[in-house]
Amino acid sequence: MKRFSILFKPYASLLFLNNEIVGFILFLVSFINPSVAISGLAALIFTILFAEFINFRESYLENGFYLYNSLLVGMGVGYLFSPTFLSIFLIMVLSVFTFLLSYVLYIIFSNYKIPILSLPFSIVTIIVYLASLQYTHLFSNLVHNHMLFDISITPFVDAFFKAFGTIFFLPNVFAGGIIFLIILFFSRVMAFISLVGFSIGVFIHSLAIIDFNASLNDPYSFNYILVAIAIGGIFLLPTIKNYILAIIGVLISVVLVDAMVIAFNYFALPVFTIPFNIVVMLFVFLLGSMRYKEFNFDIKSTPEQSFSAYLSNVFRFGSNHIKISLPFFNEWSVYQSFDGEWTHKGKWKYAYDFVIKKDGKSYQNEGLYPSDYYCFGESVASPVNGYVVAVKYDLVDNIIGEVDRINNWGNYIIIKNDLGYFVEISHLMQNSIIPKVGEYVYQGQIIAKCGNSGYSPEPHIHIQVQKYALLGSETLPFVFTEYYKNDELYFHSLPKKDENIRSFVVDKSMQLRFNFILDEEYKYEVIKNKEKIDEVVFKVGMNEKGEFYFYDKRDNKLYFFNNGYMFYFYFCEGNESYLKEIFKLLPKVPFVSQEVRYKDYLPVYILENKLNTIVIEFLSSFNKNLYKREKIYELNKTSLKSEYGSVDFSFYKKGIEKFVFNDIELRRID
C-alpha cells in the first residue's frame, strides 16, 4: 500500500502539497487527456523501478521529491506523442535521465539552499523537443491533441482555470477548475495569491502588447500562478509585504515569458516553466542568503500551517531573536536600555545597563565611594553557555565622579555562545573575573563581580550581544529569556527603563517532574459527573527529527520540549482529542517554586473551531495581531490554573496527577 501511494504524491507535489489522496484525485483528472495520463503514469513507474534497481533509498519513498519532474516529462511526452511502443520507450529513457538530473541538481543546488523546482523537467523537455525534430513519424498527437470533454463559464474564469490545468498539460476549464478547488480546500492563501498573480500578470501583459484577449489566453500565463504561489505562500511567509514581492516576481515573469517566446521560437521550442524557475530561484537565493525576516525556513503542509507556526513562535517564544538570560541574581533595576538617553547609540545601541536600587536610590550614604553603591561587588552570572574568548581584568575601579575615557569598556569578558554570537559584559570589578580565555562557562555560573571600571559614572553591569569577538564590535538585538516583574513572569521580553526585575532561578524538583522519557506511558481514567466513563493512555514517542510527543491510541500527537528552564507544548496534530485540551490547560510550565502569574499565546487552531480558524489564519496574513490570543495562567507549587480549568502536580513523582476542564476530569491511574 505504501509503494502504491508513492505513485500519487508527485501529482500533489506539483501544487506544493504533500497528500496522496490529492495526488490520486489529480491522477484521475489527468485522464481528461488519456495520452497525458498514461504517459505520466508510465514515467513514474519507470523512475521508481530504476530507483529500486540501483537500491536508491532516499526521501522519494516518502514524498515523491525526486519523482515530480519525471511525471512532468512523461506528461509532456504524452501531450506531444500518442502512446505507442516507441513513445513509451522514449518515456522510459527520459524518466531515468530526469531522475538522474533531478538528483544531481538537488545535490548542487542544496549547497546554496536553492530548490530545484521543475528545472530538470524544463531542461529535459527542451532536449525532447529538439530531438523530436527527428521523430516526425511520432508527431500525430501534437496535431490532434484533444480532451475528452470541457465546459465554459466566463472568458476570465475559463482562462484562469485553463492556466491551472496547463500545469498538468491539461489546458481545460473543467480540469483547471478541479485543481483550483483542491487548492482552495487546502489553502485559502494559495487560492488568493494565485488569483491575484494571474490577474495582475494578465493585466500588465495586456498593457504591454495592447491586446487583452491575447494576454488572457496566453498559453504560458500559468507561470504567473506558480510564481505567485511559490513566493507569496511557500518559500516566503504569507504577509502583505511578501504578497507585494510575489507580485513583483509575477511582473518579472511577464517580461521573461515574452523574451523567451521570441528566443525559443527560432527552434519552435516551448517556454514551459523556465520563467517560473528563474524568478523563484533568484528570490529564494537572495532572501534566504540574507536571512530575510519573513523567509519560510520551516515549510509546512500549507502556507497557513507555516504561518501559524511562525506566529506562534513570534508570540510565544520571541521569534528568532537572540535569547540570553539575565547576568545577575536577585532584583536589579534597568538603568539604561536599547538606544539609551546617554550612551547605547549607533551601532552599539543594543545594550542594557543594570543597577540595584533601594527606595529609589542606587546608593547608600552620600554615594561618594564605589562601595556605597548597592550593586558594587555583587556577583555577575554568565547569561549563556559558551567559551570565553577575551577578558580584561586589571583596570582600577573609578572614583565616583571620574570615568576612564581611554578604556571605555573597562574590565570585560566576551563569551562566544554555542549558537555563534558573542556576549560582552563590561565595567567589571578589578581582578574579579574568574574564568580564563578558552574556558567553557555555563548559563547561571558566577563569572565576575560588578564594578566601576572604564567609562562608568557609577557601578553597574553593562551587557550586549555583538557580531564579532572584537571589543567594540557592532551590537545585535536580543531578548531576555525570562524575568520577574512584581509577581508576574515575563518570557522573551525586554524590560523598560527604571523597571525593577528579578532573575529566574530553576527549581530542580519541578524540572524532574517534567523529564519525560521515550516509551513511558501515563494512564488516566476519565471522570464525568463523578462517574468513570473511559480510560485513556498517553505514551511518549519520538519522530525522525528527534522531536518528542505524547500520542494516544488514535495517533493524535502533542509535541513538547524541555529546555531545562521550562516545559512547553508547541504543536498538536490529529483530530479532536484530550491532547488538544491538555495543550490549553498546560501550554508551558516554568520550573519555579514560587507562586507566579504569566501570559501565553496559544495557536488559533487550539482555541477556535475549524471555520473560525480558516478565517483567522487567512486574515492574519494581512494583520498578524488577529492571530494573537493572550491567556493568563497562575502557577503554584502543586497546580496550574486558567480559564480553561486546572492541572494538579505531585510532590513525589513526575507527570501530571489530574486535568480538570469543562465537566471532565482526567485522573491518573498508578
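Good morning. By class, the residues around the largest cavity comprise 14 nonpolar, 1 polar and no charged residues. I should say at once that we are looking at a predicted model.

Let me describe that cavity further. Its volume is about 130 Å³. Of the 15 residues lining this largest cavity, those closest to its centre are Phe516, Tyr524, Phe550, Ile656 and Phe659. Which elements supply at least two residues each to this lining? They are strand 15 (521-528), strand 19 (566-573) and helix 19 (578-585).

The count of cavities of 30 Å³ or more comes to 3. The second largest has a volume of about 40 Å³. Around this second largest cavity stand Val73, Gly76, Val77, Thr125, Val128 and Tyr129; by class, 4 are nonpolar, 2 are polar and none is charged. Helix 6 (68-80) and helix 8 (119-132) each contribute at least two residues to that lining.

Helix 6 also leads us to a helix pair. Helix 6 packs with helix 7 (residues 85-110) at an angle of about 150 degrees, and their axes are 9 Å apart. Angles over 145 degrees count as roughly antiparallel, and the two helices are therefore roughly antiparallel to each other. Their crossing is right-handed. On the side of helix 6, the contact is made by Asn69, Ser70, Val73, Gly74 and Val77. Helix 7 brings Ser87, Leu90, Ile91, Leu94, Ser95, Thr98, Phe99 and Ser102. How do the residues of this contact divide by class? There are 6 nonpolar and 7 polar residues, and no charged ones.

Two residues of helix 6 deserve a second look: Val73 and Val77 line the second largest cavity and also take part in the contact with helix 7. Thank you.

How values were computed. Residues are numbered from 1 along each chain as its sequence is written. This is a predicted model: local features need pLDDT of at least 70, side-chain atom pairs count only at pLDDT 80 or more; totals for chains, interfaces and linings use all residues. Side-chain values use heavy atoms; hydrogens and water are left out. On a 1 Å grid over the protein atoms alone, a cavity is a set of points where a 1.4 Å probe fits but cannot get out, and a pocket is an open set with protein on both sides within 12 Å along at least five of seven lines; lining residues have an atom within 4 Å of a point. Grid points are joined across faces, edges and corners, and a volume is the space filled by probe spheres set on the points. Helices (H or I, at least four residues) and strands (E, at least two) are DSSP runs, numbered from the N terminus. Ala, Val, Leu, Ile, Met, Phe, Trp, Tyr, Cys and Pro count as nonpolar, Asp, Glu, Lys and Arg as charged, and the others, Gly among them, as polar. Axes are lines fitted to C-alpha atoms, for helices over the stretch in contact, and angles run from 0 to 180 degrees between N-to-C directions. Angles under 35 degrees count as roughly parallel, over 145 as roughly antiparallel, 65 to 115 as roughly perpendicular and the rest as oblique. A crossing is left-handed if the near helix is turned anticlockwise from the far one by less than a right angle, and right-handed if clockwise. Contact means heavy atoms within 4.5 Å.
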